[in-house]
Structure formats: C-alpha cells, structure tokens
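Please open the model in your viewer and keep the selection tool at hand. The tour below moves from one selection to the next and says what is found at each stop.

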Amino acid sequence: MKFKKIHIVLFAIVLVVLVPLFYYLLNVDAVNMGITYLLSGDVTSKNKLIKDGDFSSLYSLLNLDNGGKYQYINSYVSNLGLKPQSIRLTSSGYSDIFVTSKTEPSAVKKVLFVAHYDTYQSGAGALDNLGSVSVLLASLRNLKPRIDSGAVSVLFTTGEEDGLVGSKEFVDSYMINNNLKYDLVINLDCVGGGQPIIVSSSNRTGLLLNFFPFGEIMFDGRKFVGDIIVTKPDHNFDRSKFNVRVVSSIVGYSDTYSFTSKGMNALHLSSDNMKAIMDYSHTHGDTSELLDQNYMDSTKKAVVLIGNNYR
Ligand SMILES: [Zn+2]
C-alpha cells in the first residue's frame, strides 16, 4: 500500500493535536496511572521485606486481633521511652493511641502523623494498613527528639474501616477539648506497595479523571462514579523538599478525610501501586507479599524528613 498525502496529514493531526488534547482533557497522571493499572499483572513486591529488619513489627501485628494490635503498639512505644496515651472511643470499646509531648511550645510548627491500625479482617491488611503502622513505629526513634520538643505527634487510630470512627472522634472532640492545633497532618494509608506519593483526600478511593467540560469523575477499579469530594494536595509539598511526589489524580478515602473535611491542612501519604490498592485491599490477598523493602525504606525516609524538617 502506498501512503497518500492525506494519510500523513491525518497522522500528523493525531500526533500533534489529538494526543496532547486527549492527555490534557483526561489528566496526564490519571492516564499514566490508568495505563499502569491496566497493564500491571503481578503486584507482589520485587524486594521482599526483611523479616527481622526495620519493619519486623508488621509480622507481629499481622497475627494479632485489634485488641492485640493495641497492646503491641502501646508496648512498642513505651519501650522507646515515649508515653502512649489512650483515647477511648465512645462509640466502640477500642482506643486510639496518641504519642505526644506535654511541652508544646507555641512558636513551633506542629506536625501530626496518623495511621489506622485496625484492619478490615484479621490475618490480612499488610498494605491496608499495618505497613503504615510499622513505618511510623520504625520512624519513632528518629523522630523522638522532635516528639519530646512538642513539634511532632503521632496518632494510631482505630475504627477507620468502620467509617473513620477513631479519627473523627479525635478531630471532633479530643482536639477541641484539649485545644490542639496542627500546621500539617500527614495520614499514611496503603504505603509500601509502591513509591511513596501524596494523593488527594477524598470520600472515595480510585483514579480521578477530568472530563472537561463535564467535570471530574472517578474510576474505582470496577466502575466510574461521580459525587466525589476531593481536596487536592498542596503541590509545593514536593519531591525537591521532602523526596515525595504529589499525584492529585489519585484520590484516597481514609482518616485524612476527617481532617480535610474540617478544613485542616492534611495530606494523604500512600503508594503508587494502584493495582495492589484497588484490587487487594480488604481481601485475604492483602499480605506482606505486597510490601516492598525499598518502598518501605523510602516511605520511612520521607516521614523522618518531613517530621524533622517541616517548620
Ligand atoms: Zn486503610
């Protein structure tokens, strides 16, 4: 077959006009993440977690029920010379665990790190969300001077899987009753399955697509849904400063929402393995196999960097 001039012109139009237009209209990050999602097959990690390494707490936590996890986190924190406080929830028998210092100089900018320790089902929940808990536990030693000075606090919530119960009570009553304010809240959920990224806080989890001029719609791995509330992260909070990428086309529903829905500056720290997050969280397949030692290391690095340098 011989190419006619019209073919070359059409090809040029597609290449120069339609492809960039397509990317613009659909949002580049979302398209890239969507393609990655569709093409990724095996989601298990390449660099297996070192069992007795920095994140060994994960293996202990995976075998415990929620009450056991509560005990484990409490003694882990106490053994570091920190004082964990229990915030008993009125709506359930369980408690949040709050690691903070009594000395709170008002001149210092305050950061709160959050991760929920409850899991959707016992025996699973490595990605969602015991990986995040073990990252925070492993970071405590590095953050201790900042915790002692009152600049950094850490909150392990429960009841996230039952509708953000623990974080809601913390925001709606504990923070108010104790007059607590934070300049930055970082909530970790589903970290360690991929590169650490800051995503949008939302009332749903999935990929955000912008169908201009119709507005934003979300793909959750199975279906497209509208009716979403999205708080996009601050893009100044970037890799150059804290070694973490901001991807606002991924939206995550987590404890972050308890803070952003009240207008607080809260960021959702997750990972860019959407396949693992959308297909495996809340299933028995959410095992330690989904977590990668290198990604866990870089997430911890980001947490320590933020905790020690946000001011
Ligand atoms: Zn979660």
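**A covered strand and its neighbours**

Begin by selecting strand 4, residues 152–157, which is mostly covered, since six of its six residues are buried. Keep in mind throughout that this is a predicted model. If you colour the two faces of strand 4 separately, you will find Val-152, Val-154 and Phe-156 on one side and Ser-153, Leu-155 and Thr-157 on the other, and both faces are covered.

Now add strand 2, residues 95–99, which pairs with strand 4 in the antiparallel sense over three bridges; in this pairing, Val-99 has Val-154 as its bridge partner in strand 4. Next add strand 3, residues 111–116, which runs parallel to strand 4 and is joined to it by six bridges, with Leu-112 partnered by Ser-153 of strand 4. Tracing the chain from strand 3, you pass through helix 5 before reaching strand 4, and this β-α-β crossover is right-handed.

**The nonpolar core**

Which residues have the most contacts inside the largest nonpolar core? Select Phe-113, Val-133, Leu-136 and Ile-250, which hold that place in a core of 77 residues. Helix 5, residues 126–149, supplies the largest share of this core, namely eleven residues. In soluble globular proteins, nonpolar side chains tend to be buried together. Centre the view on Val-133 and, leaving aside residues up to four places away in sequence, look for its contacts with Leu-61, Ile-73, Ala-115, Tyr-117 and Phe-156.

**Ile-198 in strand 6**

Move on to strand 6, residues 196–202, and select Ile-198 within it. Is Ile-198 buried or exposed? Ile-198 has 26 other C-beta atoms within 10 Å, and because 20 or more are enough for a residue to count as buried, Ile-198 is buried. Not counting residues up to four places away in sequence, Ile-198 touches Pro-233, Phe-237, Val-244, Val-246, Leu-267, His-268 and Leu-269. Of these contacts, Pro-233 can be checked with a distance label, as Ile-198 and Pro-233 are 35 residues apart in sequence but 7.1 Å apart in space, C-alpha to C-alpha.

**One side of helix 10**

Finish with helix 10, residues 293–309, whose 17 residues should span 24 Å at 1.5 Å a residue, in agreement with the 24 Å between its end C-alpha atoms. Within helix 10, select Tyr-295, Met-296, Thr-299, Lys-300, Ala-302, Val-303, Ile-306 and Gly-307, which are buried. Looking down the axis, you will see that these buried residues lie on the same side of helix 10, because they cover an arc of only 160°.

How values were computed
Residues are numbered from 1 along each chain as its sequence is written. This is a predicted model: local features need pLDDT of at least 70, side-chain atom pairs count only at pLDDT 80 or more; totals for chains, interfaces and linings use all residues. Helices (H or I, at least four residues) and strands (E, at least two) are DSSP runs, numbered from the N terminus. The expected span of a helix is 1.5 Å times one less than its number of residues. A residue is buried if 20 or more other C-beta atoms lie within 10 Å of its own, exposed if 12 or fewer, and partly exposed in between; C-beta atoms are placed from the backbone. The arc is that of the directions from the helix axis to the C-beta atoms. A nonpolar core is a set of buried Ala, Val, Leu, Ile, Met, Phe, Trp, Tyr and Cys residues joined through C-beta atoms within 7 Å. Two residues are in contact if their C-beta atoms, placed from the backbone, lie within 7 Å. Two strands pair if DSSP finds at least two bridges between them. A crossover is right-handed if, with the strands pointing away from the viewer, the path from the first strand over the helix to the second runs clockwise.
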